[in-house]
Amino acid sequence: MAEVAGGGQPEAEAAELRERLRGVKHTVVVLSGKGGVGKSTFSALLAHGLAADGGRQVALLDVDICGPSIPKMMGLEGEQVHQSGSGWSPVYVEENLGVMSVGFLLSSPDDAVIWRGPKKNGLIKQFLRDVDWGEVDYLIVDTPPGTSDEHLSIVQYLSASHIDGAVIITTPQEVSLQDVRKEINFCHKVKVPIIGVVENMSGFICPKCKKESQIFPPTTGGAEKMCQNLNVSLLGKVPLDPQIGRSCDRGQSFLSEVPDSPAASSYRNIIQRVQEYCDQHRPQEEKTI
Amino acid sequence: MEEAAAAERNNLGGVRYILLVLSGKGGVGKSTISTELALSLRHSGKKVGILDVDLCGPSIPRMFKVQDSDVHQCDAGWVPVFVDQEKSISLMSIGFLLEKPDDAVVWRGPKKNALIKQFVADVAWGELDFLIVDTPPGTSDEHISTVEALRPYKPLGAILVTTPQAVSVGDVRRELTFCKKTGLRVLGIVENMSGFVCPHCSECTNIFSKGGGEELAKHAGVPFLGSVPLDPQLSQSLEDGRDFIQEFPKSSAFPALTRIAQQILDGVSQGSS
């Protein structure tokens with residue numbers, strides 16, 4: 001009963017988007033069918049991780065219109081978007097890390113964005129067409145849970161340029177995996193390559209007795225089994241670490257706050273693999289140089 | 001024509017109280033709270049229905065282990081799926097309408113809205129004490145359509161679920177605004193995943209921080225319905241589709257979950273007396 005809506009877009013609009021996104025080398029979309037599994041956390045850390053190499057320009061776009069978490073996680077709460085001659089300017093965390101989110105357009109933390117699909121789609125288009133992203137090595141797109149308007153729109157609009165692939169986030173339990181399988185099917189349907197799957201909240205080590213508990217038990221084999229069955233790569237597992245949430249709440253990068261933790265090293269490995277994937281999948285014209 | 005037929009059927013006419021479970025944030029436990037609330041109310045002798053309007057990520061069928069069931073038609077519309085012989089809990093979810101469980105429902109708003117209207121009009125619930133409406137995260141199509149379709153039936157109100165950390169509480173603040181704007185009464189806020197007691201050494205760790213839900217309730221002037229701790233027995237029960245309320249009365253999450261149901265029951269009996 002699935003149906004992919006809205007394939008075509010006026011050629012002029014596609015050309016406009018292509019022109020605007022011409023300076024973007026790599027695009028990675030972070031997806032999950034399930035909410036609250038750590039999409040924004042991963043997106044934020046991926047952005048921080050990639051931007052740690054100061055020579056690289058990174059952009060983070062939050063298309064979760066009803067529940068934007070990125071401003072808080074990046075320590076940019078209360079920031080506003082500025083208008084310049086060449087469009088909206090992203091909000092910069094570092095010189096080489098720019099962020100855009102609906103959160104920067106709201107006047108109060110209580111403001112709800114009570115919008116149906118078409119308005120959300122309009123804003124997503126604006127985020128791509130009207131933001132002065134400039135020259136960007138990596139554009140990371142954080143999404144809301146599901147397989148609906150936001151997802152179809154971002155894929156449709158980005159098809160004007162190029163998507164390297166999607167990173168899919170899950171937690172170990174079947175209740176989450178069953179939604180994530182749907183997301184993988186979504187990717188197949190809209191022809192977005194899957195870079196791989198990240199399993200978050202994978203086991204918890206008690207800070208006192210150092211013993212591990214499975215708070216979200218992998219009753220059906222977790223992401224590992226799912227990846228085997230569906231023939232997609234598992235990029236890694238990240239343990240539950242109370243310091244991750246704490247860093248997010250304070251708008252700090254967990255990678256630089258607790259660099260020696262098992263969770264941070266796991267995230268670093270995953271970021272490394274995403275980067276390698278992107279390097280191997282360079283846009284066609286670059287290969288010839 | 002169609003609307004007239006639906007009104008004639010009046011499938012929600014036998015439902016006493018309708019309540020919605022909402023959250024701006026995903027994965028905080030909306031479906032868990034909906035499920036455990038239904039089970040708790042059943043243990044108090046109530047007849048309960050759950051309408052799952054999460055169309056892209058339906059979790060309710062699996063949490064009751066009826067994910068392979070099909071929905072049948074009768075004269076009054078769709079027959080919901082019963083989870084037990086006594087027919088004390090009935091469910092409706094898009095999960096029952098999919099050919100394959102992994103099928104993605106790749107729909108934009110208008111199609112989702114049409115199905116929600118059908119869910120509200122065409123399910124033959126029969127006599128129910130409570131209908132719990134479980135929702136996806138956000139404040140968009142599903143929420144606007146559900147609230148609009150239910151308005152003639154005067155829902156009792158909404159339970160808002162959050163986890164303690166600021167990132168989640170921020171989204172739930174927006175959901176409170178949604179309730180205010182749509183005239184939906186807030187029955188209270190539940191803080192889920194609040195602290196984890198290590199089964200090995202009994203040390204309590206606040207994995208997702210602590211107290212954010214209670215603070216928000218105070219700030220917004222709405223009731224706080226309680227904190228539900230992270231409890232592996234609860235996640236395991238939901239994975240296996242077992243009745244946690246029946247099987248684990250000694251677990252750490254049990255008192256909190258039954259207290260939520262009790263507060264709803266108390267509120268209802270005060271309201272009617």
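**Exercise 1. A covered helix**

Which residues of H5(A) are buried? Work it out for this predicted model, then say how much of the helix is covered.

*Solution.*
Step 1: Find the element. Helix H5 of chain A runs over residues 149–158.
Step 2: Apply the cut-off. A residue counts as buried when its relative accessible area is under 20%.
Step 3: Read off the hits. In H5(A), the buried residues are A:Asp149, A:Glu150, A:His151, A:Leu152, A:Ser153, A:Ile154, A:Val155, A:Gln156, A:Tyr157 and A:Leu158.
Step 4: Tally them. That gives 10 of 10 residues buried, and the helix is mostly covered.

**Exercise 2. The glycine and lysine stretch of chain A**

Take the UniProt "binding site" that includes A:Gly33 and A:Lys39, and describe where those two residues sit and what they touch.

*Solution.*
Step 1: Start from the record. An unreviewed UniProt entry puts the feature at A:Gly33, A:Lys34, A:Gly35, A:Gly36, A:Val37, A:Gly38, A:Lys39 and A:Ser40.
Step 2: Place the two residues. A:Gly33 belongs to the loop between strand S1 (24–31) and H2 of chain A, while A:Lys39 is part of helix H2.
Step 3: Check exposure. A:Gly33 has a relative accessible area of 9%, so it is buried. A:Lys39 is buried too, with a value of 5%.
Step 4: List contacts, skipping residues up to four places away in sequence. A:Gly33 touches A:Pro145, A:Gly146, A:Asp179, A:Val180 and A:Glu183. For A:Lys39 the partners are A:Val30, A:Leu31, A:Ser32, A:Lys34, A:Asp142, A:Thr143, A:Pro144, A:Pro145 and A:Ile169.

**Exercise 3. Now chain B**

Do the job again for B:Gly29 and B:Lys30, both named in a UniProt "binding site".

*Solution.*
Step 1: Get the annotation. The unreviewed entry places this feature at B:Gly24, B:Lys25, B:Gly26, B:Gly27, B:Val28, B:Gly29, B:Lys30 and B:Ser31.
Step 2: Locate the pair. B:Gly29 is in the loop that links strand S1 (15–22) to helix H2 (30–43) of chain B, and B:Lys30 is in helix H2 itself.
Step 3: Classify them. B:Gly29 is buried because its relative accessible area is 10%. B:Lys30 comes out at 5%, so it counts as buried as well.
Step 4: Collect contacts, leaving aside neighbours within four places in sequence. B:Gly29 meets B:Val161 and B:Asn192. B:Lys30 is in contact with B:Val21, B:Leu22, B:Ser23, B:Lys25, B:Asp134, B:Thr135, B:Pro136, B:Pro137 and B:Val161.

**Exercise 4. Cysteines across the chains**

How many disulfides does a search of the whole structure find? Back up the count with B:Cys201 and A:Cys66, then look at A:Cys206 and A:Cys209.

*Solution.*
Step 1: Recall the bond in question. A disulfide is a covalent bond between the sulfur atoms of two cysteines.
Step 2: Set the test. The sulfur atoms have to be within 2.5 Å.
Step 3: Try B:Cys201. Its sulfur is 3.6 Å from the closest cysteine sulfur, in A:Cys206, so the pair is too far apart for a bond.
Step 4: Try A:Cys66. The closest cysteine sulfur, in B:Cys56, is 13 Å away, so that one fails too.
Step 5: State the count. Over all chains, the search finds zero disulfides.
Step 6: Compare exposure. B:Cys201 is partly exposed at 24% relative accessible area, whereas A:Cys66 is buried at 7%.
Step 7: Turn to the annotated pair. An unreviewed UniProt entry marks A:Cys206 and A:Cys209 as "binding site". A:Cys206 lies in the loop between strand S10 (204–205) and strand S11 (212–213) of chain A, and A:Cys209 is also found between S10 and S11. A:Cys206 is buried at 1%, but A:Cys209 is partly exposed at 25%.
Step 8: Add contacts, again without neighbours within four places. A:Cys206 contacts A:Lys211, B:Cys198, B:Cys201 and B:Glu203; A:Cys209 touches B:Cys198, B:His200 and B:Cys201.

**Exercise 5. An enclosed space**

What lines the second largest cavity? Sort the lining by element and by class.

*Solution.*
Step 1: Count first. There are three cavities of 30 Å³ or more, and the second largest holds about 40 Å³.
Step 2: Name the lining: A:Thr41, A:Ala44, A:Leu45, A:His48, A:Met73, A:Cys248, A:Gln252, A:Ser253 and A:Phe254.
Step 3: Sort by element. Helix H2 (residues 39–51) of chain A gives the largest share, four residues.
Step 4: Sort by class. The lining has five nonpolar, four polar and no charged residues.

Note on methods: Residues are numbered from 1 along each chain as its sequence is written. Chains are lettered from A and ligands numbered from 1 in the order in which they are written. This is a predicted model: local features need pLDDT of at least 70, side-chain atom pairs count only at pLDDT 80 or more; totals for chains, interfaces and linings use all residues. Side-chain values use heavy atoms; hydrogens and water are left out. UniProt positions are given in the numbering used here, feature names are shortened, and annotations may be inferred rather than shown by experiment. Helices (H or I, at least four residues) and strands (E, at least two) are DSSP runs, numbered from the N terminus. Buried means under 20% relative accessible area, exposed over 50%, partly exposed in between (1.4 Å probe, protein chains only). Contact means heavy atoms within 4.5 Å. On a 1 Å grid over the protein atoms alone, a cavity is a set of points where a 1.4 Å probe fits but cannot get out, and a pocket is an open set with protein on both sides within 12 Å along at least five of seven lines; lining residues have an atom within 4 Å of a point. Grid points are joined across faces, edges and corners, and a volume is the space filled by probe spheres set on the points. Ala, Val, Leu, Ile, Met, Phe, Trp, Tyr, Cys and Pro count as nonpolar, Asp, Glu, Lys and Arg as charged, and the others, Gly among them, as polar.
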